[in-house]
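Notebook open, coffee poured. I'm going through this model piece by piece and jotting down what I look up.

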Amino acid sequence: MHFELQAECPHTGARAGLIHTAHGVIETPVFMPVGTQATVKGVTQRDLAGELDAKIILANTYHLFLRPGHELIRELGGLHKFMSWPRAILTDSGGFQVFSLSDLRKVTDQGVLFRSHLDGDAHLFTPESTVDVQLALGSDIIMPLDECIAYPASREAAYQAMRRTVNWAHAAYGHYRRRVEESASQPALFPIVQGSMFADLRRACAAELTDLDAPGYAVGGLSVGEPRSLSLEMTEVTLGILPRDRPRYVMGVGMPEELPEYVARGVDMMDCVLPSRNARNGYLFTSSGRVVIKQARYRDDVAPIDPNCQCYTCRTYSRAYLRHLYQAGEILFATLATLHNLNYYLDIMRQIRQAIELGTFPAYLDGIRNRAAVE
Ligand SMILES: [Zn+2]
């Protein structure tokens, strides 16, 4: 994998670039749809690659490890083949899910002992084992095990989790280097910066991780309930330390109006379940605010969800029909709504990238801020 920086905004930290992978080229800044269980819920791979033109998706190691199991996926030719997705895949380390979903977890310097949320079976994730699982999956970009802590956290708890994250990143990296020497696939491993909401811990963590000379870096531990201004501030202090010539990935963000804010601080990659999860719950993002499709006002509304959207759903169906599908609990609603919301996010990223290339990103950002202030 290598990152090619194409354009930088002279007034903000925004950048446009290309990430070259074994499974295609990714235009950045990029938003990655989340495909937790090797599927972006409700959307076919044909639509993901065609209609939506997503260049990379994210899958969750924790879920695939538990079911169907990484060894089975390896036997079946790896995750790309298993799910018939020829483009790039990023997998997380599973750490975030262990800390948010499973019971009875016990964190030691060796790793995390946890019980499956499916059947209660005990498992141990170590920095080494989570690299092995992701190598079995055959992902293009893999993440080391990190310790995610809740917000708010004491400085001491944040410091301990940050230290452990750095130690685990070094252990994961050492193991990864030995493993890829003997392996056909050469995924990129992105260390994760932690440090909760303490700017000095974030800076210290970022500085230590840059010693690894990794092909890219991630910022974790955000979107855990903190005010948005704080997530942006932590991103900014972290990215000030990370190398300019490597992609920067902020994990788990954000709302549509936040995407250009992260990009303005130098972020190249983002992911979030919001567009797909909100879609299934009937919350649709549009250029003139949110549409809550169950509302009675849409009962006889013949307009598309968003007249400015060119997605298949907006080209084809009315709000009245979509409301009917939602009220009737029809499966098709989830598919059509997810297509629209993901297209809305991916369109924002395409607009941002174009603005950076044309040198108009500051004006674009002002426009988004003004609109958000009015709403
Ligand atoms: Zn649409």
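How many residues lie between β8 and β9 in their hairpin, and which glycine in the turn has a positive phi? I count six residues between the two strands, and glycine 120 is the one with the positive phi, about 80 degrees.

**Ground rules.** I'm working with a predicted model, where local features need pLDDT of at least 70, side-chain atom pairs count only at pLDDT 80 or more, and totals for chains, interfaces and linings use all residues. Residues are numbered from 1 along each chain as its sequence is written, and side-chain values use heavy atoms, with hydrogens and water left out.

**Hairpin.** I stayed with β8 (112–115) and strand β9 (residues 122–125), which run antiparallel and are joined by four bridges. My strands and helices are DSSP runs numbered from the N terminus (strands E, at least two residues; helices H or I, at least four). Two strands pair if DSSP finds at least two bridges between them. Valine 112 has phenylalanine 125 in β9 as its bridge partner.

**Aspartate 109.** Just next door, I found aspartate 109 in the loop between β7 (103–107) and β8. Is aspartate 109 buried or exposed? Aspartate 109 is exposed, at 56% relative accessible area. My cut-offs are under 20% for buried, over 50% for exposed and partly exposed in between, with a 1.4 Å probe and protein chains only. Leaving aside neighbours within four places in sequence, aspartate 109 is in contact with Arg164 and Trp168 (contact means heavy atoms within 4.5 Å). I also checked glycine 77: its C-alpha atom is 33 Å from that of aspartate 109, with the two positions 32 residues apart along the chain.

**Helix α6.** I looked at residues 127–137 next, and eight of the 11 are buried, so this helix is largely enclosed by the rest of the structure. Among the buried ones I noted Pro127, Val131, Gln134 and Leu137. Glycine 138 follows α6 and has a positive phi, near 80 degrees.

**Zinc site.** Which residues are the protein donors of the zinc ion? I get Cys309 (SG), Cys311 (SG), Cys314 (SG) and His340 (ND1), lying 2.1 to 2.3 Å from the ion. Donors are N, O and S atoms within 2.8 Å of the metal (3.2 Å for Na, K and Ca), and water is not among the atoms, so sites may look incomplete. The four donor atoms subtend angles of 98 to 119 degrees, which makes the arrangement tetrahedral. For four donors, that label requires all angles to lie between 85 and 135 degrees. For my own reference, the ideal angle for four tetrahedral donors is 109.5 degrees. In sequence, the donor residues are spaced C-x1-C-x2-C-x25-H. Cysteine 309 and cysteine 314 are both buried.

**Aromatic pairs.** I found 11 of these in the structure. Tyrosine 173 and tyrosine 176 make an edge-to-face pair, 5.3 Å centre to centre with 65 degrees between the planes. The rule I used: rings of Phe, Tyr and Trp (its six-membered ring) pair if their centres lie within 6.5 Å, with planes under 30 degrees apart stacked, over 60 edge-to-face and the rest tilted. These two tyrosines sit three residues apart in helix α7 (residues 155–181), so about one helical turn separates them. Both are buried.

Phenylalanine 285 and tyrosine 344 are stacked, because their ring centres are 6.4 Å apart and their planes at 15 degrees. That pair links distant parts of the chain, 59 residues apart: phenylalanine 285 is in strand β16 (residues 283–286) and tyrosine 344 in helix α14 (residues 331–358). Phenylalanine 285 is buried at 5%, and tyrosine 344 is buried at 11%. Ring pairs link Phe31, Phe285, Tyr344 and Tyr345 into a cluster.

**Core and sheet.** Phe31 came up again among the residues that touch the most other members of the largest nonpolar core, which has 88 residues. Such a core is a set of buried Ala, Val, Leu, Ile, Met, Phe, Trp, Tyr and Cys residues joined through side-chain atoms within 4.5 Å. Helix α14 gives the most to this core, 10 residues. Methionine 270 also belongs to that well-connected group, and valine 250 stands opposite methionine 270 in β15. Strands β14 (residues 248–250) and β15 (residues 269–271) run parallel, joined by two bridges. They are part of an open, parallel sheet of five strands in the order β4-β15-β14-β13-β12.

Definitions and conventions. Four donors count as tetrahedral if all angles lie between 85 and 135 degrees; four count as square planar and six as octahedral if opposite donors are over 155 degrees apart and all others between 65 and 115; anything else is irregular.
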